[in-house]
Amino acid sequence: MRMNRSQVTTRGQEGVRPGREAITGSGSGSGSGSGSGPEPGRRRRRKRRDEPEFGSYYGLPVLNKPTWEGRDIAGYFFLGGLAGASSVVAAGAQVTGRSGLRRTAKLGAAGSIGLSLVALIHDLGRPARFVNMLRVVKVTSPMNMGSWLLTIYGPAAAVAAASELTGVAPAAGTAATVGAAVVGPAIAAYTAALVCNTAVPAWHDGYRHMPFVFVSSGASAAAGLGLLGAPLRENAPVRRLAAVAGPAELVISQLMEHRMGMVAEPYHEGRAKIYLRVSQVLTLAGVFGAVAAGRRNRLIAALSGGALIAGSAATRLGIFNAGVQSSEDPRYTVVPQRQRLEERRAADEWTGPSGGNGAAAPGASGTNLPSDAG
Amino acid sequence: MTPVPAQRADRRGWGLFDAGAFANGQQAAESSGHREAPPRMGFFTDTSVCIGCKACEVACKEWNHVPEDGLVFTGMSYDNTRGLGSDTWRHVAFIEQRKSLGSQTTGAAARPVGDPGEPVRLRDLPASSGRATPDRLGGGDDERGFRWLMSSDVCKHCTEAACLDVCPTGALFRTEFGTVVVQEDICNGCGYCVPACPYGVIGQRPGDGRMWKCTLCYDRLGVGQEPACAKACPTDSIQFGPLEELHERAAGRVSQLHQAGVGEARLYGHDPNDGVGGNGAFFLLLDEPEVYGLPPDPVVTTRDLPSMYARAALAAVALGAAVMAAFSGGQGRRCA
């Protein structure tokens, strides 16, 4: 076995020290490198059927797990959706002269956006520094954009609710109602971009559908709030909204999971599975109750509304937990990326590296082509 | 409220439909608004000469006052550090494999065939003068080979850094050296950078609440010193310098190893056309990246953000339309 050509003696080191030039791994044998297929790491989970082989570092995750608390951040998503959609409902109720629904929606919107802000600040590692969010305007950060949206929407929702409650300054109240209704949908939708703009596979890979899941979940919750708080003679619009938003949420969620492929597995495991199942049951029950008897029976209307609100919260908790679970298992990071890499390599071998891809680092071109990898 | 120049210019040319604005990974600092920036500095970690001494981990901790990160015993290898995080900015991975390193043979290959789980007894091994070769043993090197892969992992200081992109406060910024650093007096611990990083580098420090990661020893670079880990590395496995120079050196090193029969040597993170626009800290690996706990083909999530915003806007419009329809629908019927 050839080692370094240096000898350590009582007089110190003799001979040449190869340092960074050391030819590690060269030996007496022929010059062929060994095959270098990925060594399967130690698995922590049971092997699934059709599980592709993948390499990992002792089964440890590639990603760092989100530090967010589910109660705070999923709660923040849920409350933002409830508030944003409720503001639109409030404007609709105001225009159509439904005073009970209007009051419920305005107070609900202001209350839930306030709570959502509390949840967001509570989750910060340094809550006192919350205002640093407004230090910059940064399009690449949905959280920054959302903070600016909140500074517009929050006061608008608060003024609308205060005017509704006190009867003071009705003109300002109306203006605030309109403002909140315009910004509200953005409040309900932007959190989807926030959660998808991460490396977490079960969040990022759902980015095509997530905004639609989030707004339909928000609309479902707002419809629930209306059913809960408005008198029977006023609840027709929210019954219709529930009938559309609830099923839409469930159907789009299914489409999202279907599109994600194997990365959707965490949605069917652990806490995510429980929350999502609870969400499905509550949402369907709420929709059914609202459509079947929400018009005649005040109690059933209220119960259906409560079920829709709870179902929406469970949806966010389910999605949140699915993401966390997907970050804890290296396979959801490694397998899709490996697949993508192999497909690209196969395409490159077929056509040869194209001009764009071939422009590698200076002097480094051709050093890591698959043909060199043994 | 005034945008800090470094942040505002960070994505020059970043329109809603024009993400990934960096044409050349070398110009990370210029693209962030630094005028007359020094050359982009980085690390080339050549794992083929890493001996797993962990001097880099220690030097990093000492220099940067990084607190203790849990005195755990993993039982999986010589690695009790597990991975990068708020309190681990250099992490030495140990991988034990039953395959040979290049065409090297080990003493362990010379033991008589027996139960693989049976401990090796020294007296069964041939004298060191008797060179053990696969030919003499008549066995394939797959069964008899054994190698340790050791690699010192670190923040990649991506050209398109997701942590920097998503940071809502501008605490994360691009330095004049093209590196990515957290400003500890600004970070409010929102945690967005943690799930954004495709490499699992940055973390939240318990009891402190803020986010921490490798700074590529920003303070040392400022006075012309090399980072503590590179300074401490006894085998020059961690090489520090202008990125362009390191790329050339790495290319030479790969061909040197290939000529010596180490066909599995390959670079990782050097390509400015990869999913993160190339890394400021890149590696020479002897196996697939995932074996070292690295993602095989990471893509910065911000590349999809224009599409996410477009879809969120569409969804918001749909929400408004659905509620309006719910109020206007059924006007012909008797339901109000």
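**Two chains, one shared core**

Chain B adds up to eleven helices and ten strands. The model is a predicted one, and everything below should be read that way. Of the 336 residues in chain B, 56% are buried. Looking at contacts in chain B with a separation of 6 or more, 66% come from residues 24 or more positions apart.

Chain A has a different make-up, with eleven helices and two strands. Both strands come at the start, since the pattern along the sequence reads β-β-α-α-α-α-α-α-α-α-α-α-α. Burial in chain A comes to 55% of its 374 residues. As for contacts in chain A between residues at least 6 apart in sequence, 73% link residues at least 24 apart.

Back in chain B, four strands make up an open sheet in the order β8-β1-β10-β9, and the pairing is mixed. The edges are taken by β8 (238-242) and β9 (266-268) of chain B, each of which has a single partner strand, so one side of each has no neighbour in the sheet. From one strand to the next, the twist averages 25°.

Strand β1(B) is a good place to see the mixed pairing at work. On one side, β1 (residues 41-46) of chain B pairs with β8(B) in the antiparallel sense, over five bridges. Here G42(B) sits opposite G241(B) of β8(B), and F43(B) sits opposite F240(B) of that strand. With β10(B), in contrast, β1(B) pairs in the parallel sense, over four bridges. In that pairing D46(B) stands opposite L284(B) of β10(B).

How do the side chains of this strand sort themselves out? In a regular strand, side chains alternate between the two faces of the sheet. In β1(B), M41(B), F43(B) and T45(B) point one way, while G42(B), F44(B) and D46(B) point the other way, and all are buried. With six of its six residues buried, β1(B) is largely enclosed by the rest of the structure.

The sheet also has a helix lying over it. Helix α10 (residues 243-259) of chain B lies across β1, β8, β9 and β10 (281-285) of chain B, and runs at about 135° to β8(B).

Over in chain A, one helix pair deserves a look. Two packed helices are described by the angle between their axes and the distance between the axes. For helix α7 (residues 236-260) and helix α8 (residues 270-293) of chain A, the axes come within 9 Å and cross at roughly 155°. An angle over 145 degrees counts as roughly antiparallel, and α7(A) and α8(A) are therefore roughly antiparallel to each other. The α7(A)/α8(A) crossing is left-handed. On the α7(A) side, the contact is made by R239(A), A242(A), A243(A), G246(A), P247(A), E249(A) and L250(A). From α8(A) come Q280(A), T283(A), G286(A), V287(A), A290(A) and V291(A).

Finally, the nonpolar core. The largest one has 190 residues, and those with the most contacts inside it are A189(A), C163(B), C193(B) and L319(B), a list that draws on chain A as well as chain B. Take C163(B) as an example: setting aside its neighbours within four places in sequence, C163(B) is in contact with L172(B), V180(B), C193(B), A196(B), C197(B) and I202(B). One of these partners, C193(B), is itself among the residues with the most contacts inside the core.

Conventions
Residues numbered from 1 in each chain as written. Chains lettered and ligands numbered in written order. Predicted model: local features only at pLDDT ≥ 70, side-chain atom pairs only at ≥ 80, totals over all residues. Pairing = 2+ DSSP bridges. Axes fitted to C-alpha atoms, helices over the stretch in contact; angles between N-to-C directions. Contact = placed C-beta atoms within 7 Å. Buried ≥ 20, exposed ≤ 12 C-beta atoms within 10 Å, placed from the backbone. Core = buried A, V, L, I, M, F, W, Y, C linked by C-beta atoms within 7 Å. Parallel < 35°, antiparallel > 145°, perpendicular 65-115°, else oblique. Left-handed = near helix turned anticlockwise from the far one by under 90°.
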